[in-house]
Amino acid sequence: MEAKKKSVMLMLVTAFLWSLAGVFIKVIEWEPIPIVCVRCLAAAVTMWFFIRRQKIIWSWPLVGAAVSYAAFNYCYVVSTVLTTSANAVMMEYVAPVYVALLSGLLLKEKVRRADWLCLAAVLSGMLLFLADQLGQGSLAGYVISVGNGLAFAFFNIFLRMMKKGYAEQSVFLGGLLGFFVGLPFTVGQKLPDSRSMIVLLLAGAVVSIGYLLFIKASQNLTAVQAVMLPVIDPVLNPVWVWLAVGEVPGAVSLCGAAIVLAAITLRSLALLGSSEGELAGSDAKKAEKK
């Protein structure tokens, strides 16, 4: 019971940390690819501090999670720059739908009825949010933002597939991959001002710590619950951006955000008040035995 409560609380703290990502990106005055490149390096260095005594145990799920992490960073940052922060983060949290559809096939995890109901409420709120954001940003930004949810979903699926090793190593390796992919497009670019560079390095560190908490919290939750609980991130994310740079969400967006927040709050309280969360690990073990 205590492990379950801790996991739910850690996931909510993770969502708060991730919600700062949008405002960090919006206040950085630089091109999107160099932003991803340096942010990935800062995240990798931060994660190395926590895993420096670990031995990397190579596996396909580890590589898959690292590639998904790097892909997500590029999709998220570029779509945030080309559209609104609200749109970019909302498209990220279509991920629970992808995970719900794939978890039974790939992970042998049963999606509970309460999770489906919560997903339905979350999707309805997101549709309202997105409807209010259409027309704000470029078409390319909207297309790229679809990758946010896909990459985040596969990152979570690969994390659940890891039977051995340390899942946080995927963030370290993914950060290095993201850095080297973006390096040719960053070398020769004029450096941003000192404020933007400090914010960029801080953004990488904060996101990395968020992933560390996310991975720890995921151990006592199913894949769907793990990717669904941080959905309060897109509710908070536009708030910080609004306060910092004046990107104001509309009334319909606020209504959609309220629906999402209510659904996740009720699901979190339900998990805290039942033994469901404790079944996540046992479900995986039963499937493994079969």
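**Helix packing and nonpolar cores in a predicted model**

In this predicted model, helices H6 and H8 cross with a right-handed sense. H6 spans residues 95–106 and H8 residues 139–161; the angle between the two comes out at about 35°, and their axes sit 9 Å apart. On the H6 side, the residues that make the contact are Ala 95, Tyr 98, Val 99, Leu 102 and Leu 106. H8 answers with Gly 149, Leu 150, Phe 152, Ala 153, Phe 154, Ile 157 and Met 161. Sorted by class, that gives eleven nonpolar residues, one polar and no charged ones.

Phe 152 of H8 turns up again in the nonpolar interior: it meets H6, and it is also listed with Tyr 76, Phe 155, Leu 159, Tyr 211 and Phe 214 as having the most contacts inside the largest nonpolar core. This core counts 62 residues. Helix H10 (residues 194–218) puts in the largest share, with ten residues. There is also a second core, separate from that one and made up of six residues, among them Val 94, Cys 118, Met 126 and Val 260.

As for how far to trust the coordinates, the chain has a mean pLDDT of 79, and 79% of its residues get to 70 or more. Among the elements, helix H9 (residues 169–186) takes the highest mean, 96, while helix H14 (residues 279–289) has the lowest, 45. The stretch covering residues 277–290 stays under 50 in pLDDT, and the model gives it 14 contacts beyond four places in sequence.

Definitions and conventions:
Residues numbered from 1 in each chain as written. Predicted model: local features only at pLDDT ≥ 70, side-chain atom pairs only at ≥ 80, totals over all residues. Heavy atoms only, no water. Axes fitted to C-alpha atoms, helices over the stretch in contact; angles between N-to-C directions. Helix = DSSP H or I, 4+ residues; strand = E, 2+ residues; numbered from the N terminus. Left-handed = near helix turned anticlockwise from the far one by under 90°. Contact = heavy atoms within 4.5 Å. Nonpolar A, V, L, I, M, F, W, Y, C, P; charged D, E, K, R; others polar. Core = buried A, V, L, I, M, F, W, Y, C linked by side-chain atoms within 4.5 Å. Buried < 20%, exposed > 50% of the residue type's maximum accessible area, 1.4 Å probe, protein only. pLDDT = per-residue confidence, 0-100.
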